[in-house]
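Biologist: Please take me through one part of this model slowly. I would like a close look at a single sheet and whatever packs against it.

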Amino acid sequence: MDKISENTRSELAHVVGRENCRDTIEDRISFSFDAHTDESLPDVVLFPQTGEQIAEIMCIAHREVIPVTARGAGTSICGAPIPVCQGVVLVLTKMNKILEVNTKDRYAIVQPGVVNADLQKVLSEEGFFFPPDPASLSVSTLGGNVAQNAGGPRGLKYGVTRDYLLGLESVLADGRIIRCGSRNVKDVTGYDVTRLFCGAEGTLGIVTEITLRVVPLPEAQRTVLAVYNDLDNTAQTVSDIIGSGILPAGMELMDRVVVNAVEDSAGIGLPREAEGLLLIDVDGMEEAVDREMERIVAKAKANGAVEVKHARTPADREELWTARRSAYGVFARMAPNCIVEDATVPVSNVPAMIRGMREIFDRYELRVGILAHAGDGNMHPLISTDIRDKEEWARVEQAIREVFELAVSLQGTLSGEHGIGTAKTAFLPLFQDEPTRSVMMQIKKALDPLGILNPGKFV
C-alpha cells in the first residue's frame, strides 16, 4: 500500500462504496495478471458503477499522482490490463448495462462492462449483430474490445471494432468527461478522437459509454472444412481465394498440431492426419452465397484439398466454430503457460509467413500450433511452454523476436488485434521509427501529462 495513503484509500472507497473497494492481498492478486506471463500487484481494486464515480476517482488520482489501470474481464493476452506501476485498478464489469438498441438507426449504446456475447444475443432477437467476434466473446467485455480494437474471425469481411465505433464517453486523466463521435454513421466533425481512443489500451482515457454501429444478420450462411495433406497448399489456397476477389465472412487456418489438440478436447471428428485445415464461412443473400461457395470449393480443390466437408445444419456449423474458438483454451491446459502472438502480414505473404514460422519454431525445438485468421493475414501461433524453465523460455523469447522480424520483412505488423501491452513494447522499434513513436508520446503527454493512465505500456 506504499503508493496510496490511508486517507486517500478511504476517500477512494467512499466514492464507490466500501463494498466496491477491495484491498486484501487475495483480492489484489486476482487483478494482478491477465493471460500473458507478466503480473504486478495493485494497491487497491475499485468497482465503479457510473462515469461520474470514475471522474471522481481520476480527480483524486490526478491530485495524488496515483497510477490507474482500467480492466474489464481480464481476457487480454498481451499484458494490457496489468498494473505495472501498481496504484489503482478500476474494474468496469459492474458497468454492464445495454442502454439502448436502435435498429431503425442501426446503433446500440452500451456501458463498457457489457459482455460481447450478451449484446449479440439481444441484437439477434432484433435480426441484427455486432460483427467483431473475438474468440473470447462469451466473456470479454466491450470496453476491453474497444481498448484493444478487438477483431475475430469475421474481421476478414466485416472489419474490427474501430469500424463499428460511432462514439465514446470517456474520462480523462484529470477527471474531465468528454464525448466524442455521435450516433451518426457519417460524422467528420473535427478530429477523429473516437478512433484515437480505440486501441489505446486505456492510456489516454477510461471509456464509460460506447455507441456502436450494428448491422442486419445475413440471410444465409454456409460453412465448409477443407482438408489438406500439405500446409503450404493450405496457405496458398487462402492467397488464391482472396486474390480472386472472393471475400468470405471468415477463413481460419489450423495446422496439424492445433487440429489434434482440439480433437483431443472436443472429439468432433476432425481429421487427425491432416497437415492443414481451412474453416471457411460465407454469408449474404441465399443465391449469392451458394455461387460464392462453389467458387471457393473449386479453389480449394485446385490447391490440393483432399476433401471438402460441408456443414449441413446450423448445429454442424456451430460445432465447428466452437471447436475453433476453443483452441486457445485447449493449448492453455497443455502446459503451465501458453503464449499467443498475432503478427499480421498481407494476405499474399501468408504462405511465406507460415513457412517461416514453422522453420523458426522447429529450429528452436518448441511445441507450437499454428492458427490463423488467414484471410486477413493474422497469425496466431500457440506456444506451449513453462516460463519457470529458463532455458526453454530463452528459446521462446528469441523465437518470438524472429517471428516479428519475419513479419516486418514481409510488410507486416506486430499485432492485428491483441494489442501491444507489456508483451510487445520492446519490439515497437522493429515497426515504428523514432519520429512516429515520438508523436505517440506527444499525444499521450497532451492528454495525460502526469502519465498516470495505464503507465508502463507502449507509451
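Modeller: What follows is a walk through one sheet, its strands and the helices beside it. Keep in mind that this is a predicted model.

Start with the sheet as a whole. How many strands form it, and in what order? Seven strands make an open sheet, and the order is S15-S12-S14-S13-S17-S18-S16. The pairing is antiparallel. Strand S15 (307–310) and strand S16 (337–340) stand at the edges. Each has a single partner strand, so one side of each is left without a neighbour in the sheet. On average, neighbouring strands here are turned by 15 degrees against each other, direction ignored.

Now look at S17, which spans residues 367–373. Is S17 largely enclosed or largely open? Six of its seven residues are buried, so S17 is largely enclosed by the rest of the structure. On one pairing, S17 meets S13 in the antiparallel sense over three bridges. There, methionine 254 has leucine 371 of S17 as its bridge partner. S17 also pairs with S18, through seven bridges, and those two strands run antiparallel. Alanine 372 stands opposite methionine 379 of S18. S17 and S18 form a hairpin, with four residues between them. Glycine 377 sits in that turn and has a positive phi of about 75 degrees.

Next comes S18 itself, covering residues 378–385. S18 is joined to S16 by four bridges, again antiparallel. One of the pairs is cysteine 338 with serine 384, the latter in S18.

Two helices pack on this sheet. Take helix H9 (residues 256–266) to begin with. H9 touches S13 (250–255), S14 (276–284), S17 and S18. The direction of H9 makes about 90 degrees with that of S13. Helix H14 (residues 390–409) packs on the sheet too, touching S16 and S18. H14 has a direction at about 170 degrees to that of S18.

Stay with H9 a moment. Which residues of H9 are buried? They are Val258, Val259, Asn260, Ala261, Val262 and Glu263. Their cover includes S13, S14, S17 and S18 of the sheet. Helix H11 (314–325) and helix H12 (327–332) are also part of that cover. At the N-terminal end, aspartate 255 caps H9. A side-chain oxygen of aspartate 255 lies 3.2 Å from the backbone nitrogen of valine 257. After H9 comes glycine 267, with a positive phi near 60 degrees.

Go back to S18 and pick out one residue, threonine 385, found in this strand. Why is threonine 385 classed as buried? Its relative accessible area is 2%, and buried means under 20%. The side chain of threonine 385 makes a polar contact of 2.7 Å with the side chain of glutamate 392. Leave aside its neighbours within four places in sequence, and threonine 385 is in contact with seven listed residues: Ala335, Pro336, Asn337, Ile339, Glu392, Trp393 and Val396.

H14 has a helix partner as well. Two packed helices are described by the angle between their axes and the distance between the axes. Helix H13 (residues 350–363) packs with H14 at an angle of about 160 degrees, and their axes are 10 Å apart. That makes H13 roughly antiparallel to H14. The crossing of H13 and H14 is right-handed. Which residues meet where these helices pack? From H13 come Met353, Gly356, Met357, Ile360, Phe361 and Arg363. From H14 come Ala399, Glu402, Val403, Leu406 and Ala407. An α-helix has 3.6 residues a turn, so residues three or four places apart point the same way.

Let me draw the threads together. S18 pairs with S17 through seven bridges and with S16 through four. H9 touches S18, and so does H14. Threonine 385 of S18 is a good place to stop: this buried residue has its polar contact with glutamate 392.

Definitions and conventions: Residues are numbered from 1 along each chain as its sequence is written. This is a predicted model: local features need pLDDT of at least 70, side-chain atom pairs count only at pLDDT 80 or more; totals for chains, interfaces and linings use all residues. Side-chain values use heavy atoms; hydrogens and water are left out. Buried means under 20% relative accessible area, exposed over 50%, partly exposed in between (1.4 Å probe, protein chains only). A polar contact is a pair of N or O atoms within 3.5 Å; within protein, one must be able to donate a hydrogen and the other to accept it, and residues adjacent in sequence count only if both atoms are side-chain atoms. Contact means heavy atoms within 4.5 Å. Two strands pair if DSSP finds at least two bridges between them. Axes are lines fitted to C-alpha atoms, for helices over the stretch in contact, and angles run from 0 to 180 degrees between N-to-C directions. Angles under 35 degrees count as roughly parallel, over 145 as roughly antiparallel, 65 to 115 as roughly perpendicular and the rest as oblique. A crossing is left-handed if the near helix is turned anticlockwise from the far one by less than a right angle, and right-handed if clockwise.
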